[in-house]
Structures are given as structure tokens and as C-alpha cells.
Protein chains: 2
Amino acid sequence: MKELDPILHSQLRLAVMSILMNVEEADFVYLKEKTESTAGNLSVQLDKLSNAGYITVTKGFVGKKTRTTCQVTEQGRKAFEEYVEALKSYLNL
Amino acid sequence: MKELDPILHSQLRLAVMSILMNVEEADFVYLKEKTESTAGNLSVQLDKLSNAGYITVTKGFVGKKTRTTCQVTEQGRKAFEEYVEALKSYLNL
DNA sequence: TTATTTGGTTTATATTATAAACTACTTTAT
DNA sequence: ATAAAGTAGTTTATAATATAAACCAAATAA
């Protein structure tokens with residue numbers, strides 16, 4: 001049986017990737033709301049995705065407020081698609 | 001976003017359920033080979049699935065040798081199908 | 001009879017996920 | 001101007017999970 005990429009096989013990280021696959025970019029606050037996660041948990045999981053090279057995290061400003069935006073990388077896109085393929089073999093899809 | 005049943009969202013338990021969804025029953029040794037897991041890990045995960053009511057585990061004999069066979073329950077079947085539906089929303093399927 | 005293999009379970013450890021506590025800065029109210 | 005409250009996160013401590021190593025009992029082979 002195929003291996004399921006452990007970086008993606010986590011509810012919150014998968015949710016984040018799922019969102020990022022369908023948008024240009026998304027910021028921390030948006031991801032937090034959409035996934036209904038706590039800030040701390042989200043922060044940790046974004047780090048993991050970032051360290052894996054699956055997303056880029058950019059810290060910028062909107063006026064005086066900080067804004068952290070995330071984008072999926074090409075590597076992340078590929079990993080996500082491979083994960084989907086692997087999962088399909090488990091789910092009979 | 002939908003919750004992913006944490007009992008099923010585990011590679012090994014999902015693999016076991018995936019196998020059991022497609023056969024009448026399967027024994028410990030078969031599951032161990034198919035999933036390429038260690039006996040200890042498999043034992044623990046079968047317990048969890050069993051305690052959740054997703055499978056039944058029956059200890060019997062074949063001649064003088066013990067044989068542990070597993071079957072998915074109706075509850076397990078339902079949970080698996082709900083899990084698949086929830087996952088689909090993450091994977092754009 | 002004593003190894004060895006088979007079929008597991010239990011227990012200890014490593015990894016992961018999560019939440020709570022904290023930091024730094026901004027906005028609002030007094 | 002200053003205190004109080006909010007915003008946007010990070011760090012750290014704890015709980016939960018996964019995994020492997022050690023163990024056990026029965027059967028078979030040497």
C-alpha cells in the first residue's frame with residue numbers, strides 16, 4: 001500500500017493546503033477563521049508546511065499592521081496531488 | 001470545514017479499514033503483511049478500531065494455532081463512508 | 001530437550017498535535 | 001498622555017498518538 005505523506009496527513013495542515021490550492025494566497029487570519037483553529041496551532045502547522053517547502057510564508061504590512069500571507073509552492077502542489085492519488089487507493093475512488 | 005474522524009485519520013487504521021471494506025474478513029497475519037506494519041503497532045490499532053466499534057476481532061483456532069480474524073461492523077462501514085465524504089471536500093474530488 | 005518460529009500483547013519511547021501563556025504592537029477610551 | 005483592550009502572531013508546556021522494542025505462550029523443528 002502507498003505511503004501517505006505524513007506532512008499532509010494531518011487535519012489542519014491538509015485543510016490549509018486544501019485552501020491554498022484554490023486561491024492565489026491567503027493570510028493568517030483568513031486561514032485561522034476558515035479552519036477554525038487556534039492561532040498557536042496554526043502557527044506551528046504553517047511552520048511545518050513552510051519547512052517542508054510546501055508553502056511560502058511572507059510577513060508584510062497593511063498600514064501599520066503586520067500581515068502574514070501564505071502561498072502554496074510548486075513542490076507543495078505536487079505533494080498535494082500525490083497525496084490525493086495515494087489516498088484514492090485507500091478509499092476506492 | 002468538516003471534521004475528519006480521528007479514529008480513521010491514521011494511516012495504519014485507514015489501511016486496515018480499507019482492506020476490511022473489500023473482504024468478508026481478514027486475519028491478523030494477512031493484515032500485517034498487506035499493511036507492512038509491525039505486529040505491535042497493528043495490535044494496538046486493531047484495539048482502537050475495535051473499541052470504537054468499527055471492527056470486530058475474533059480469536060479462534062485453526063488446528064492448534066490461534067487465529068485472530070477481523071471484520072468491519074455496520075458502524076465501521078458507515079464511519080468509513082462518512083470519512084470519505086469529508087475527505088472529498090478537502091481534496092476537491 | 002532445547003532452540004526456533006509463530007502469533008500475538010504489553011510497555012516504553014518518540015513524535016505529533018494542541019492549547020495555554022506570552023510578546024509586541026495598535027487602537028480605543030479616559 | 002496613559003491605561004485598557006484588541007490584534008497578530010510566537011514560544012513553550014502538555015496531552016494524545018503512533019511506533020517499536022521487549023516480552024509471553026504455544027507450537028514446531030532440530
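Select the segment after α4 of chain B and find B:Asn92. Helices such as α4 are DSSP runs (H or I, at least four residues), strands are E runs of at least two, and both are numbered from the N terminus. Phi of B:Asn92 is near 55°, a positive value in a residue that is not glycine. Most residues other than glycine have a negative phi. B:Asn92 counts as exposed, with 10 C-beta neighbours inside 10 Å. Exposed means 12 or fewer other C-beta atoms within 10 Å, buried means 20 or more, and partly exposed lies in between, with C-beta atoms placed from the backbone.

This is a predicted model: local features need pLDDT of at least 70 and side-chain atom pairs pLDDT 80 or more, while totals for chains, interfaces and linings use all residues. Residues are numbered from 1 along each chain as its sequence is written, and chains are lettered from A and ligands numbered from 1 in the order written.

Next, select A:Glu36, in the loop between α2 (28-35) and α3 of chain A. A:Glu36 has a positive phi of about 55°. Is it buried or exposed? A:Glu36 is exposed, with 10 other C-beta atoms within 10 Å.

Now go to B:Val16. Leaving aside neighbours within four places in sequence, B:Val16 is in contact (C-beta atoms, placed from the backbone, within 7 Å) with B:Leu31, B:Thr35, B:Gln45, B:Leu46 and B:Leu49.

Finish where the chains meet. Here 14 residues of chain B are in contact with 14 residues of chain A. On the chain B side, α1, α2 (28-35) and α4 each give two or more residues.

Methods. Contact = placed C-beta atoms within 7 Å.
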